[in-house]
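Work through the following exercises with the structure in view, and read each solution only after you have tried the task yourself.

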Amino acid sequence: MTELERKQDRAPVPSEWTYASAPEARDIVTLQDRYGHYVGGEWLEARETYTTISPATEEPLAEVGQATPEEVQAAVDAARDAYANGWSDVSPSERAKYLFRIARILQERSREFAVLESLNGGKPIKESRDVDLPLSAAHFFYYAGWADKLEYAFPNRKPRPVGVAGQIIPWNFPLLMLAWKIAPALAAGNTVVLKPAETTPLSALLFCDVLRQAELPPGVVNIVTGDGRTGAEIVKSEGVDKVAFTGSTDVGKAIQRELAGTGKKLTLELGGKAANIIFDDAALDQAVEGIINGIYFNQGHVCCAGSRLLVQESIYEPVVEKLKRRLTTLRVGDPLDKNTDVGAINSKQQLDKIQELVASGAEEGAEIYQPPCRLPEQGYWFAPTVFTNVAQSYRIAQEEIFGPVLSILTFRTPDEAVEKANNTPYGLSAGVWTEKGSRILWMAERLRAGVVWANTYNRFDPSSPFGGYKESGFGREGGRHGLEPYLDLT
Amino acid sequence: MTRLPVKKTYKLFIGGSFPRSESGRTYEAEGQNVARASRKDVRDAVRAARGALPKWAGMTAYNRGQVLYRLAEMIEARTAEFADLCSGRPEVERAVDRTVWYAGWADKLAQVLGSSNPVAGPYFNFTVPEPTGVVGVIAADEPPLLGLVSRVLQALTGGNVVVALASETRPLAAIELAEALATSDVPGGVVNLLTGRRAELAPWLASHMDVNALDLTGADGDSPELERAAADNVKRVVHGDPDAQSPWEIASFLELKTVWHPVGQ
């Protein structure tokens with residue numbers, strides 16, 4: 001360690017002062033008291049409802065529909081009708097223009113969506129503003145351009161739309177996951193029935209207003225809200241030709257079983273337990289930032305989160321020391337505060353799951369570290385957590401926690417790093433930190449994961465295919481490859 | 001006095017060897033006693049396949065193509081024997097030509113199926129196809145040789161290893177193919193061929209947690225049940241055509257890996 005680094009590391013952390021709050025204005029969002037289902041371009045009064053809240057305060061935000069089988073059927077019928085009578089006759093270049101419009105409107109209304117996303121989901125405004133929204137708009141813009149170029153994406157094949165796509169998305173990136181689902185489906189000429197997650201329906205419901213402004217023909221996109229029962233109805237519906245699901249591996253397996261023998265197309269983007277691997281020649285400060293981004297980004301509610309840190313033994317101590325120090329500077333709190341780094345846990349249910357797994361880590365013998373931080377009294381919160389002394393067999397090293405909890409393991413050789421990284425039923429993503437380019441590619445070849453980030457983490461782009469190996473699912477979203485699940489190719 | 005011919009014992013093909021079924025069972029098919037594989041044989045075959053994966057998947061694509069071409073040579077050399085075990089010479093010739101066709105694909109897949117992706121940031125971002133891993137193949141009864149070759153070759157070309165259940169009623173072509181494989185430089189364990197009762201064996205293959213993908217081309221009415229079992233570890237399931245020849249068939253047993261490589265001074 002150089003003298004300069006030593007000095008920086010020993011610099012006292014100021015303890016007597018706090019950041020002034022810097023809240024983003026909330027009045028940019030106008031919420032209705034009650035939302036229905038968006039079916040055939042109109043709002044269908046919901047027969048059953050539940051209350052959606054802000055996880056940061058437990059404040060009720062609105063009543064939203066819990067779609068019944070009949071309501072799901074109405075949405076599927078509307079999608080079928082729009083597919084058969086109109087949407088499939090729209091020329092590909094016109095289809096493209098609708099998608100370009102949606103992208104533009106999302107850019108125009110970006111702040112409104114960002115605030116709503118943070119309000120309903122608990123994620124820091126910094127992230128919804130700078131990541132979720134720009135990426136959502138970019139995704140529509142990217143796939144818009146494909147709509148009239150499909151025959152170039154698949155030379156020597158005849159790309160045809162599949163029909164009606166049933167899409168079920170998670171609560172960690174509500175609008176971005178909606179974009180990942182709807183943009184390629186529409187570009188390929190399908191119509192859609194989409195269900196946002198139970199805890200984060202509001203941005204999808206606001207998106208219906210974007211569809212209105214874009215003058216998308218009625219029934220091309222239908223949105224129903226509700227819990228897993230609604231999702232199961234979409235999966236089962238005979239009018240659905242293709243199912244796309246992003247969520248937990250357990251539910252993904254249940255969907256795959258449910259669809260057995262039906263011949264319906266299926267793509268699954270499921271859980272992960274990604275290794276973030278730090279070699280001793282890595283730029284350590286940069287790597288520490290990458291570790292932080294890898295696991296505390298979006299409270300760790302990220303399927304590709306770098307939840308297992310593999311540190312080369314020779315640098316274990318400085319990395320852990322720097323990491324702990326960096327943890328003390330993370331600001332946990334109000335998602336709408338522009339200074340906030342770590343927001344609220346998305347739901348009570350998720351908080352319970354995190355607490356249960358963290359307790360198991362301590363019980364199994366791992367050593368826990370949490371920086372001193374005051375968590376708000378209302379709402380669902382969990383302090384950024386690091387576990388050291390973790391064995392590969394511990395639950396915290398095997399199971400997806402989906403929270404701000406990092407397990408640190410060590411390795412000696414590149415081969416050992418590969419073996420440990422691949423020692424999981426999942427295979428969604430991995431990170432490699434080294435200054436040696438040839439080692440990056442050597443590692444990338446051997447890691448059984450759909451996405452490998454080198455000297456970066458949790459980076460996404462509409463042109464970059466994303467999806468898993470093994471029990472992390474199948475099919476890709478993003479890029480040319482992301483069109484394929486939405487096309488029949490003969 | 002005429003010479004008494006030495007007759008062949010029809011055995012399984014696991015890990016490059018020709019064992020009898022560990023169960024000691026046989027059944028009669030096409031006038032011969034054929035090994036009747038057990039659940040344990042399925043497990044042994046999967047284990048052999050998994051063990052052979054690093055070598056086969058790690059080979060250069062050019063080398064893999066050459067080994068597959070050598071397999072075509074070995075089938076061609078046995079044309080007369082194969083012809084007796086399938087619909088005849090034309091089927092054997094098509095199987096040879098198809099093998100050559102797939103051999104030529106090995107070093108072109110990444111160019112046709114991969115991409116480099118213009119991400120908005122200082123990264124060289126590219127997507128490459130990689131083998132899914134261990135592929136379970138349930139071969140169709142017809143055509144007995146070409147049906148098996150078509151489904152095994154599309155998995156092999158992409159670098160996968162295979163455990164195949166041969167046709168229950170027409171297994172002899174599969175055993176003959178095992179002999180061609182054994183002399184072709186395809187490493188032992190890369191292709192494992194089991195003969196026996198499909199209804200007995202297929203569920204074990206479909207539910208095996210170390211099988212990554214399942215080709216149900218010959219599964220007929222058992223498909224829904226096998227597909228349900230396949231979900232236990234999110235297997236990739238394919239319903240193919242026993243006579244298919246297409247790079248998209250190869251693609252169905254490939255994973256796509258995307259790498260973000262930093263760009264900087």
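**Exercise 1: A sheet across two chains**

In this predicted model, strand β14 (residues 385-388) of chain A and strand β15 (residues 405-411) of chain A run parallel and are joined by 3 bridges.

Task: Find which residue in β15(A) is the bridge partner of A:F387, and then place the two strands in their sheet.

Solution. Begin with the pair itself, where A:F387 has A:S407 as its bridge partner in β15(A). Next, follow the open sheet of 10 strands, whose order is β13(A)-β14(A)-β15(A)-β12(A)-β11(A)-β16(A)-β17(A)-β10(B)-β4(B)-β3(B) and whose pairing is mixed. The edges of this sheet are β13 (367-369) of chain A and β3 (115-117) of chain B, each of which pairs on one side only. Finally, look for the helix α12 (residues 316-327) of chain A, which lies across β11, β12, β13, β14 and β15 of chain A and runs at about 160 degrees to β14(A).

**Exercise 2: A sheet in chain B**

Task: Describe the open sheet of 5 strands in chain B, and state which helix packs on the sheet.

Solution. First, write down the order β7-β6-β5-β8-β9, in which the pairing is parallel. The edge strands are then β7 (191-194) and β9 (236-238) of chain B, while neighbouring strands are turned by 15 degrees against each other on average, direction ignored. Helix α1 (residues 39-58) of chain B packs on this sheet, touching β5, β6 and β7 of chain B, and its direction makes about 155 degrees with that of β6(B). As a last step, examine β5 and β8 of chain B, which pair over 3 bridges, and note that B:G136 has B:L214 as its bridge partner in β8(B).

Technical notes: Residues are numbered from 1 along each chain as its sequence is written. Chains are lettered from A and ligands numbered from 1 in the order in which they are written. This is a predicted model: local features need pLDDT of at least 70, side-chain atom pairs count only at pLDDT 80 or more; totals for chains, interfaces and linings use all residues. Two strands pair if DSSP finds at least two bridges between them. Helices (H or I, at least four residues) and strands (E, at least two) are DSSP runs, numbered from the N terminus. Two residues are in contact if their C-beta atoms, placed from the backbone, lie within 7 Å. Axes are lines fitted to C-alpha atoms, for helices over the stretch in contact, and angles run from 0 to 180 degrees between N-to-C directions.
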